[in-house]
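Hi everyone, thanks for having me. Today I'd like to walk you through one protein, piece by piece, so let's get it up on the screen.

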Amino acid sequence: MTKKNLVVCFRAAPVEDRLIKRIDDAWSSELNIINVGQSDVAEALLDADYFCGHAKVPVDWDQVVARGRLRWIQSSAAGMDWCLKPSTIQSNITITTAAGVLSDQVAEHGLALILAWGRNLRSFVYDARVQEGNPDYRKFKRKPTFDLVGKTVGIVGLGGVGRRFSEVVAPFAGRILAVDLYPENKPSQVDALWPADRLDDMLAESDVVFLSAPLNEETRGLFNAKRLAKMKRGALLANLARGPLVDSDALVAALRTRALGGFVCDVTNPEPLPVDSPLWDMENVLITPHVAGQIGWRFDDICDIYCENVRRYRANEPLINELQGRGRDWGFPLRDGSTTLWIDVKKKYSTRRPLNRETYDFSAF
């Protein structure tokens, strides 16, 4: 009998052999594993029965669905906008996400950006270095800083990243507010969890607004000029979700007038951000190039959830992070108890790995 095809694509280059072996062992060598980079994934998906990864290039999903071969997508990313098109949403393809796999890293990176902005590190470190030819380069200069302690922090999207961020920011924040499309199971450190239609109420009270919502038709362009005007004057906006949640032109205008106090992000709109974007030169902006999840062992962690889901799939057990019902439209697994979530079980399955530059090839990331 001809083996079915499993396409694996995590990044630009094919996945390391040691990870492919883990996946092959999980399937008991029953599948033909097609290990590709981004340049080949779109074509490979046309003949795939299963897919594990994240296609960062355009894919003809209508054609993939029409072929009727693809049975299961296990995303290696938490954000699902890359494959949740009308045809896939309405199909019988099983879809599971990596929500929560990198929540520790993204939440920590978000906190780092907020603290760096508040402590004015761009001015004290970066701006000084780019003026190295200036005779004052090595002299101290002082500017005001911002304290996170005691401030009201608002979180837009209380999924895996949002919940983890609420934990890491809790020792600083005076109050934590959150809104979510599915406002269930409020964590104890969150003072109020409101439905999405109360977003403007939250913005009016928040000194820092942290974006960790999925990108879908309801959230695309959510922070436009009208919404930015709802924020407290001088507030900080932090985007650790997807760039298109924020209208870039409206953002620049709000920053220039100081209606918005600052902006920090690990994602941009568009991405990569054009070199002539005004955001690069604004002193109240900090940008990192979508690296929040670039931990050395992130692909090992993705293999953890995938191999466990393979076991469950073959045993006909409920899958972790499966998109069901409205979750297929919204792009995240529902948190009503109907779906097993990785954030609830990862301590059982995931192994924390030491930073070892001989084991992890950072040049390939």
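I'll start with the overall picture, then go through the two sheets, a cavity and a few backbone oddities.

One thing up front: what you're looking at is a predicted model. Okay, overall picture. The secondary structure comes to 13 helices and 12 strands. If you draw a box around the C-alpha atoms along the principal axes, that box is roughly 70 × 50 × 35 Å. Now, how does the radius of gyration sit with that of a compact globule? For 365 residues, a compact globule would have a value near 21 Å, and this protein has 21 Å, so the two agree.

Let's go to the first sheet. A quick reminder for anyone new to this: strands in a sheet pair through backbone hydrogen bonds, and they can do so parallel or antiparallel. Here we have an open sheet of five strands with parallel pairing, and the order is β2-β1-β3-β4-β5. Which strands are on the edges? Those are β2, residues 31-35, and β5, residues 94-96, and each of them pairs on one side only. On average, neighbouring strands in this sheet are turned by 15° against each other, if you ignore direction.

Zoom in on β1, residues 4-9, and β3, residues 50-53: they run parallel, and four bridges join them. If you want one pair to look for on the screen, take L6, whose bridge partner in β3 is Y50.

Helices pack against this sheet too. Helix α1, residues 17-26, touches β1 and β2, and its direction makes about 160° with that of β2. Then there's helix α11, way down the chain at residues 298-314, which lies across β1, β3, β4 and β5. The angle between α11 and β4, which is residues 72-75, is about 155°.

While we're around here, have a look at S29, in the loop between α1 and β2. Why point at it? Most residues other than glycine have a negative phi. S29 isn't a glycine, yet its phi is positive, about 55°.

On to the second sheet. This one is open as well, with seven strands, parallel pairing, and the order β8-β7-β6-β9-β10-β11-β12. At the edges stand β8 (192-195) and β12 (285-287); each has a single partner strand, so one side of each is left without a neighbour in the sheet. The twist from one strand to the next averages 15°.

In this sheet, try finding β9, residues 208-211, and β10, residues 235-239, which run parallel and are joined by four bridges. There, V208 stands opposite L236 of β10.

And again, helices. Helix α7, residues 160-169, lies across β6, β7 and β9, and runs at about 165° to β6. Helix α10, residues 248-256, lies across β10, β11 and β12, at about 135° to β11.

Now stay with β11 and β12, and look at the loop between them. Remember that most peptide bonds are trans. What kind of bond joins N269 and P270? That one is cis, with omega about 0°, and P270 lies in this loop. A little further on, the bond from E271 to P272 is cis too, with omega near 0°, and P272 is in the loop between β11 and β12 as well.

Last stop: empty space. Searching the whole structure turns up two cavities of 30 Å³ or more. The largest holds about 50 Å³ of space. Among the residues lining it are N239, S248, F263 and N269, and N269 is a name you've just heard, from the cis bond to P270. What's the lining made of? Six of its residues are nonpolar, five are polar and none are charged.

That's my tour, so over to you for questions!

Note on methods
Residues are numbered from 1 along each chain as its sequence is written. This is a predicted model: local features need pLDDT of at least 70, side-chain atom pairs count only at pLDDT 80 or more; totals for chains, interfaces and linings use all residues. Side-chain values use heavy atoms; hydrogens and water are left out. Two strands pair if DSSP finds at least two bridges between them. Helices (H or I, at least four residues) and strands (E, at least two) are DSSP runs, numbered from the N terminus. Axes are lines fitted to C-alpha atoms, for helices over the stretch in contact, and angles run from 0 to 180 degrees between N-to-C directions. Contact means heavy atoms within 4.5 Å. On a 1 Å grid over the protein atoms alone, a cavity is a set of points where a 1.4 Å probe fits but cannot get out, and a pocket is an open set with protein on both sides within 12 Å along at least five of seven lines; lining residues have an atom within 4 Å of a point. Grid points are joined across faces, edges and corners, and a volume is the space filled by probe spheres set on the points. Ala, Val, Leu, Ile, Met, Phe, Trp, Tyr, Cys and Pro count as nonpolar, Asp, Glu, Lys and Arg as charged, and the others, Gly among them, as polar. The radius of gyration is taken over C-alpha atoms; the globule rule is 2.2 Å times the number of residues to the power 0.38.
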